[in-house]
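Here are a few short exercises to work through with the model open beside you. Try each task before you read its solution.

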Amino acid sequence: MSEKFADEVGEDDTVGFWKQSRKDKRRIFDMKRQKEKLGGGFKCSHCATFVPINQEMGTAHRNHCNQCLWSKHVDEKTSGDRQSICQAGMEPIGITLKHEGLDKYGHEKLGDVMLVHRCTGCDKCVINRVAADDPSDTIVSIFDKSQVLPQDIKDRLQKEGIDLITTDQRPMVQERLYGK
Ligand SMILES: [Zn+2]
Ligand SMILES: [Zn+2]
């Protein structure tokens with residue numbers, strides 16, 4: 001593009017257009033969010049199940065479906081900020097354990113079982129705590145599928161500090177999910 005042409009188009013107009021559409025999108029999110037609050041749940045964008053959000057069940061911050069465990073890319077920087085304009089479905093691709101720092105012997109402490117979600121729109125990967133009513137069988141099947149993930153995805157997760165649960169950790173995870 002020549003400089004003259006760029007001047008004619010007017011960069012400010014382009015910025016204005018994007019600002020506008022971002023604002024519109026924001027408004028739609030806010031409306032949806034309000035509806036979710038009122039309805040006490042949300043409809044899964046992947047399997048269409050209505051997922052109740054219930055304070056008593058400790059799932060007030062649930063961000064994934066309690067059937068298929070898919071999530072939606074709604075948060076941008078921090079969990080619950082609802083700032084993302086991506087809005088694509090996030091597939092549960094693996095299981096990891098939350099890093100809880102080091103114990104007094106300098107060994108790494110591993111905490112709660114977490115789901116690894118990968119956005120089907122923008123490829124972003126995030127981890128989310130498993131909720132009490134997530135079906136254990138589905139979690140185990142996600143673990144099984146994660147064992148055959150393409151190596152480049154495994155490498156990338158590792159680079160981001162997400163260590164997928166390995167086969168030798170499987171009994172420990174099953175014990176946590178099903179109890180002894
Ligand atoms: Zn679902
Ligand atoms: Zn995304």
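**Exercise 1.** In this predicted model, find how the donors of the zinc ion (ligand 1) are spaced along the chain.

*Solution.* Start with the pattern: the donors follow C-x2-C-x17-C-x2-C. Next, put names to it: the protein donors are C44 (SG), C47 (SG), C65 (SG) and C68 (SG), lying 2.2 to 2.3 Å from the zinc ion. Finally, place two of them on the fold. C47 sits in the loop between strand 1 (41–43) and strand 2 (50–52), while C68 belongs to the loop between strand 2 and strand 3 (71–72). This pair is 21 residues apart and links distant parts of the chain.

**Exercise 2.** Work out which arrangement the 4 donor atoms form around the zinc ion (ligand 1).

*Solution.* Take the angles: they run from 105 to 114 degrees. Then apply the criterion, which asks that all angles of four donors lie between 85 and 135 degrees. The arrangement is therefore tetrahedral.

**Exercise 3.** Decide whether C47 and C68 are buried, partly exposed or exposed.

*Solution.* Buried means under 20% relative accessible area, and exposed means over 50%. C68 has 17%, so it is buried. C47 has 33% relative accessibility and therefore counts as partly exposed.

**Exercise 4.** Describe the protein chain as a whole, beginning with its secondary structure.

*Solution.* Count the elements: there are 5 helices and 6 strands. Read them in order: α-α-β-β-β-β-β-β-α-α-α. Then turn to burial, where buried residues make up 31% of the 180 residues. Last comes the surface: about 11,900 Å² is accessible, and 52% of that belongs to carbon and sulfur atoms.

How values were computed:
Residues are numbered from 1 along each chain as its sequence is written. Chains are lettered from A and ligands numbered from 1 in the order in which they are written. This is a predicted model: local features need pLDDT of at least 70, side-chain atom pairs count only at pLDDT 80 or more; totals for chains, interfaces and linings use all residues. Side-chain values use heavy atoms; hydrogens and water are left out. Helices (H or I, at least four residues) and strands (E, at least two) are DSSP runs, numbered from the N terminus. Buried means under 20% relative accessible area, exposed over 50%, partly exposed in between (1.4 Å probe, protein chains only). Accessible areas come from the Shrake-Rupley method with a 1.4 Å probe; for residues, only the protein chains shown count as cover. Donors are N, O and S atoms within 2.8 Å of the metal (3.2 Å for Na, K and Ca); water is not among the atoms, so sites may look incomplete. Four donors count as tetrahedral if all angles lie between 85 and 135 degrees; four count as square planar and six as octahedral if opposite donors are over 155 degrees apart and all others between 65 and 115; anything else is irregular.
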